[in-house]
Amino acid sequence: MTVVTETIAANFERDGFLIVPDLFTADEAGRLKTEMQAILDEVARERQAESGDDRAVIFNAGVHVGLASRSSMFREWVADHRILDVLEPILGPDIEFLSDKAVFKDHDADFGSPWHQDHPYWVGSHKISLWVALDEATMANGCLKLIPGSHRAEIGHATVDDGHGFNYRMGDQDTLEAEAVTAPLPVGGAIVFHDLTLHASHENASGADRWVWIPTYRSLHHDDPPYPWAVAARPVRTANQT
């Protein structure tokens, strides 16, 4: 292992997350955001034709899953070597892309995400996700906050249905704030995190948009139940490719 690889592995094992402030350039992030918005426009048109709902209702949670299933650009970017070079010290050399999603905050979806772990949403093997900032992410517009070391155990979640998504969440939100690390990011920066790492986001009080891309990965050596939403899953790196 190189020194960089050892450092990534050790820091991730300690904290359950890793901040990469310069994963992509601002220009690359801008192109991803433009493509993401075009996909959501297409989804909105399709669903409006089916249900008659307006866009605010369709995207009331500020989340859309399945960008790579619709876009050759995202299918290419999920295998970008910079992502895989960060993931390999964590997952090993055999990596599978599972699924990705858009998460955005604007004047219609401006609430803060509640404290939660991702694992209860999919169970099975543990996965690693990246939270990639396509706009500058600040406390004012809803950047991420995380609890270091919280990835070592699964914690019981409450079941809540308030129309904002995140139906599994921590029952006592306030006690976590004192331990939280707030993680602002420049455009193109990313946070790599374990699916047991407790995380939330600040609300968007800025009135400006905040767009994020979240691709999720797992080891090729893990078995999982079938995921109907993982229609674009594929191996993106194997040991003989590195």
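In this predicted model, F59 has a relative accessibility of 4% and therefore counts as buried, since the limit for that class is under 20%. F59 forms an aromatic pair with F104; the ring centres lie 6.0 Å apart and the planes meet at 80°, an edge-to-face arrangement. The two partners come from distant parts of the chain, 45 residues apart: F59 belongs to the loop between α3 (55–58) and β2, whereas F104 belongs to strand β3. F104 is likewise assigned to the buried class because its relative accessible area is 6%. Together with W211, F59 and F104 make up one aromatic cluster.

F104 leads to strand β3, which spans residues 95–105. Of the 11 residues in this strand, 10 are buried, so β3 is largely enclosed by the rest of the structure. Its pairing with other strands can be followed one partner at a time. Strand β2 (residues 63–65) runs antiparallel to β3 and is joined to it by 3 bridges; within this pairing, H64 has A102 of β3 as its bridge partner. Strand β11 (residues 210–219) is also antiparallel to β3, and here 10 bridges connect the two. A102 appears again in this pairing, with W213 of β11 as its bridge partner. Strand β12 (residues 234–237) is joined to β3 by 3 bridges, once more in antiparallel orientation, and E96 has P235 of β12 as its bridge partner.

Within strand β11, T216 offers a view of these surroundings. T216 has a relative accessibility of 6% and thus counts as buried. When neighbours within four places in sequence are left aside, T216 is in contact with E96, F97, L98 and S99, as well as with W122, K127, I128 and S129.

Two of these contacts of T216, E96 and K127, also take part in charged interactions. The structure contains 14 salt bridges. One of them joins K127 to D224, with the closest N and O atoms 3.1 Å apart. This pair spans 97 residues of the chain: K127 is in the loop between α6 (119–122) and β4 (128–133), and D224 is in the loop between β11 and β12. K127 has a relative accessible area of 0%, so this lysine is classed as buried. Through salt bridges that share partners, E96, K127, R218 and D224 are joined into one network.

Two further salt bridges lie elsewhere in the chain. D15 is bridged to R14, the closest N and O atoms being 2.8 Å apart. D15 has a relative accessible area of 16% and is therefore buried, whereas R14, at 47% relative accessibility, counts as partly exposed. R82 forms a salt bridge with D80, with a closest N–O distance of 2.9 Å. Here R82 is partly exposed, with a relative accessible area of 23%, while D80, at 13%, counts as buried.

D80 has a further role at helix α5 (residues 81–91). This residue caps the N-terminal end of α5, with a side-chain oxygen 2.9 Å from the backbone nitrogen of R82. Along the helix, the buried residues are I83, L84, V86, L87, P89 and L91. After α5 comes G92, which has a positive phi near 95°.

L87 of helix α5 leads on to the nonpolar interior. The largest nonpolar core has 40 residues, and L87, W213 and Y217 are those with the most contacts inside it. Helix α2 (residues 26–51) supplies the largest share of this core, 7 residues. A second core, separate from this one, has 14 residues, including F17, A137, C143 and I191.

The aromatic residues provide a final view. The whole structure has 7 aromatic pairs. In one of them, the ring centres of F24 and W77 are 5.0 Å apart and the planes stand at 80°, so the pair is edge-to-face. F24 lies in the loop between β1 (17–20) and α2, and W77 lies in helix α4 (residues 72–77); the pair thus links distant parts of the chain, 53 residues apart. Both F24 and W77 are buried.

Terms used. Residues are numbered from 1 along each chain as its sequence is written. This is a predicted model: local features need pLDDT of at least 70, side-chain atom pairs count only at pLDDT 80 or more; totals for chains, interfaces and linings use all residues. Side-chain values use heavy atoms; hydrogens and water are left out. Buried means under 20% relative accessible area, exposed over 50%, partly exposed in between (1.4 Å probe, protein chains only). Helices (H or I, at least four residues) and strands (E, at least two) are DSSP runs, numbered from the N terminus. Two strands pair if DSSP finds at least two bridges between them. A polar contact is a pair of N or O atoms within 3.5 Å; within protein, one must be able to donate a hydrogen and the other to accept it, and residues adjacent in sequence count only if both atoms are side-chain atoms. A nonpolar core is a set of buried Ala, Val, Leu, Ile, Met, Phe, Trp, Tyr and Cys residues joined through side-chain atoms within 4.5 Å. Contact means heavy atoms within 4.5 Å. Rings of Phe, Tyr and Trp (its six-membered ring) pair if their centres lie within 6.5 Å; planes under 30 degrees apart count as stacked, over 60 as edge-to-face and the rest as tilted. A salt bridge is a side-chain nitrogen of Lys or Arg within 4 Å of a carboxyl oxygen of Asp or Glu.
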